[in-house]
Amino acid sequence: MAEFMELEGQDGVRMPWNVVPGTKQEASNCVVPVSAIYTPIKTFPNMPVLPYAPLRCRNCRSVLNPFSIVDFAAKIWICPFCFQRNHFPPHYASISDENLPAELFPQYTTIEYQSPGEASSVPPVFMFVVDTNIIEEEMAFLKSALSQAIGLLPDNSLVGLITFGTLVHVHELGFSTIPKTYVFKGSKDVSKDQLLEQMNFFLIKPKPPTGVIAGARDGLSSESIARFLLPASDCEFSLNSILEELQKDPWPIPTDQRASRCTGTALSVAASLLGACVPGSGARILAFVGGPSTEGPGAIVSKNLSEPIRSHKDLDKDSAPNYHKAVKFYEGLTMQLVHQGHVLDLFACALDQVGVAELKVAVERTGGLVVLAESFGHSVFKDSLRRVFRSEDKELGLSSNGIFEINCSKDIKVQGILGPCASLEKKGPLCSDTIVGQGSTSAWKMCGLDQATSLCLVFDIVKKELPDATLQSSSNQFYFQFLTYYQHSTGEMRLRVTSLSRRWVAGPGSIQDLIAGFDQEAAAVVMARLVSFKMEIEAEFDPIRWLDKALIHMCSRFGDYQKDSPSSFSLSPRLSIFPQFMFNLRRSQFVQVFNNSPDETAYFRMILNRENVANSVVMIQPSLISYTFQSAPEPALLDVAAIAADRILLLDSYFTIVIFHGSTIAQWRKAGYHNQPEHQAFARLLQAPRDDADAIIKERFPVPRLVICDQHGSQARFLLAKLNPSATYNSEGNHPGGDIIFTDDVSFEVFLDHLQRLAVQ
């Protein structure tokens, strides 16, 4: 694994196949697709930032890179993608073998260009869209979190505020003498023109007869924009006073009905307002939602409490009447936001579902952040919101307005991207006929991206059969180039270029080469993203069967065995953990939707789709660390046998972190031994997992939920649900840890046994 980590440390890329199958047939035999997980703006401490424009190939527009062939005498470079010969411009006249520009240094395969004088004139914009139809207690939590967030905003950033319940209220912050709001009916959608008309945008400067209204350049006076979007430093006082006086929505709620909440209309008003005032700038809509949307477009359930909110079963049977309507509405909103270059961030805090499943398309395609918690008072929400604006521990590095493009060798095509981006529909010879995720394009829009955002690119190898052996030896490299043009958090425009080369192999002797370049962690993550995608778009798709078939094919192709002899089966160390990843993926919340609401499933998948390999692996197969008096903290097997009375376990499943005290430890703790001076060692043992958990929480966004529980306690279920059930209620023999799991799931041993039997057939 170490060498794959090193490659990621240089370029931010992990590929399942680091030696690529060379033909279409070979690639389809490899089961896991040829793909890459790429973190476009990952921070590299020693990556050079060049203060000039990049040199591009005049045929395919790829950027000069270390794999280009350079003729120093003739001042010509040959593009590795299309073999076009390009002349160097005059300012490269002094280059030679000894005097290379940075972009040709072999170690700078990832490099950034900073175009001088291209900084955006518009500061970052934050539009807060706040739900007021929540109980008083939640309201108080939300107000305190918001006023804290407003204090952390950069001084120059523009801020707007919209509150909604039964009606949508747009607050005019620029009118400081008395609070003034514009009210819109929640049950019907408002067009952009109606919005501008009703909000008196054309009082001073009349509406232009033709053309699109877009910001101060096109048709709006900057005074009218400043009524609703003000610099944070100017409106902090008026914002805080509005927040202090915010009341719960005053409309009475009959006892047999849900509160009326027009989330869809409020988001649509926010999008139209930003689209008219600051199009194309890095603006974010931060939506704080405290319950299901019941009014207007985008409603997910009717107001009658007799109608339950949709479950997975309803979605499967197609008996959720509002679901498709709401998704269609949010798809329209998504197109508008992507066109404007704006981001939707969702903070959903309620015990009930709020409609994350419907909103998923808008949040994911605009690259928004999403946080799901039970209450606005929960640390998951409060700490995550603070982390968005504050950069002490670990900066998110929020950037905006990204455009991601890709170039590759002519034998490779792109099927699509699974991740937070939207297709720009740039068709061309690079696009494959098979589409996965956002496909049939070679350029994507990333309205919002941060240092952790990771895309999964899926490729198609189109080379049919092998040419003569003589040709194969001459050029057996595939080249890839990823270009990310984005607005850095400082406001300046940057272009990040990553160029990669990977060797390809084909023919009879290639299996060992393929195994040597197999990255099982990356492969597990690609399979997880793929299976989540298929579960969402393919009707009647059976994920368990699909994963099992893939794993069996994989093992029978790459395993060592004699036919029909399961005991002879063995896997190379490069593949040996892959079956374990697949076993845990089958049991994970991405595949098993039972016991999760559609909102939770959508939330888990959105985070899986934007995180890097290391974080995604923890979601698929949680890590377990054991603490005892006898030894230093050490990794333990994710198995029920890891539980012991005198042990503390720390489980990290990404969304939750569980500190589990064995029964003896719990008794000692309840007796207060750790407070006695002679039991310092016990106090240290109790503290160690807390410190490690804090270190994990500091690094992570969204902030995970911390559960501290005891063996046989009710909260122990958080740990037991993730462990391999090697001892269940119906297995014989004594159980050393004294714990068994009440389940009929097969254990990993049984799973492997079946796998070996099927793979050798």
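This report walks through the strands, the main pocket and the salt bridges of a predicted model.

## Strands 17, 22 and 23

Let's start with strand 22, which spans residues 477-487 and is mostly covered, with nine of its 11 residues buried. Strand 17 (residues 399-408) pairs with strand 22 in the antiparallel sense, and seven bridges hold that pairing. To find one of the matches by eye, look for serine 400, whose bridge partner in strand 22 is glutamine 487.

Strand 22 also runs antiparallel to strand 23 (residues 493-505), and here 11 bridges join the two. Leucine 483 stands opposite valine 497 of strand 23. The two strands make a hairpin with five residues between them, and glycine 491 takes a positive phi there, near 105°. Close by in the numbering, glutamate 492 and arginine 494 form a salt bridge, with 2.7 Å between the closest N and O atoms. Arginine 494 has a relative accessible area of 11%, so it counts as buried.

## Strands 18 and 21

Strand 18 covers residues 412-418, and six of its seven residues are buried, so the rest of the structure largely encloses it. Its pairing with strand 21 is antiparallel and runs over six bridges. Leucine 418 has cysteine 456 as its bridge partner in strand 21.

## The five-stranded sheet

Further along the chain, five strands make an open sheet with mixed pairing, in the order 25-24-26-27-28. The edges belong to strand 25 (634-635) and strand 28; each has a single partner strand, so one side of each has no neighbour in the sheet.

Inside that order, strand 24 (residues 623-627) and strand 26 (residues 648-652) pair in the antiparallel sense, with five bridges between them. Serine 626 is matched with leucine 649 of strand 26. Helix 19 (residues 663-670) lies across strands 26, 27 and 28, and runs at about 80° to strand 27.

## The largest pocket

The largest pocket has a volume of about 1,700 Å³. Its lining takes in 49 residues, and those nearest the centre are Gln589, Asn595, Asn596, Phe604 and Phe718. Several elements give two or more residues to this lining: strand 16, helix 16 (578-587), helix 17, helix 18, strand 27 and helix 21 (717-720).

## Salt bridges across the chain

Side chains of opposite charge can pair when their charged atoms come close. The model holds 31 salt bridges. One of them brings together the side chains of arginine 705 and glutamate 374, at 3.1 Å from N to O. These partners sit 331 residues apart: arginine 705 is in strand 28, while glutamate 374 is in the loop between strand 16 (370-373) and helix 11 (379-389). Both ends are partly exposed, with arginine 705 at 25% relative accessible area and glutamate 374 at 37%.

Which way does the pair of aspartate 450 and arginine 610 go, buried or exposed? Aspartate 450 is buried at 3% relative accessibility, and arginine 610 is buried too, at 9%. The closest N and O atoms of this salt bridge are 2.5 Å apart. This pair also links distant parts of the chain, 160 residues apart, joining the loop between strands 20 and 21 to the loop between helices 17 and 18.

How values were computed
Residues are numbered from 1 along each chain as its sequence is written. This is a predicted model: local features need pLDDT of at least 70, side-chain atom pairs count only at pLDDT 80 or more; totals for chains, interfaces and linings use all residues. Side-chain values use heavy atoms; hydrogens and water are left out. A salt bridge is a side-chain nitrogen of Lys or Arg within 4 Å of a carboxyl oxygen of Asp or Glu. Helices (H or I, at least four residues) and strands (E, at least two) are DSSP runs, numbered from the N terminus. Buried means under 20% relative accessible area, exposed over 50%, partly exposed in between (1.4 Å probe, protein chains only). Two strands pair if DSSP finds at least two bridges between them. Contact means heavy atoms within 4.5 Å. Axes are lines fitted to C-alpha atoms, for helices over the stretch in contact, and angles run from 0 to 180 degrees between N-to-C directions. On a 1 Å grid over the protein atoms alone, a cavity is a set of points where a 1.4 Å probe fits but cannot get out, and a pocket is an open set with protein on both sides within 12 Å along at least five of seven lines; lining residues have an atom within 4 Å of a point. Grid points are joined across faces, edges and corners, and a volume is the space filled by probe spheres set on the points.
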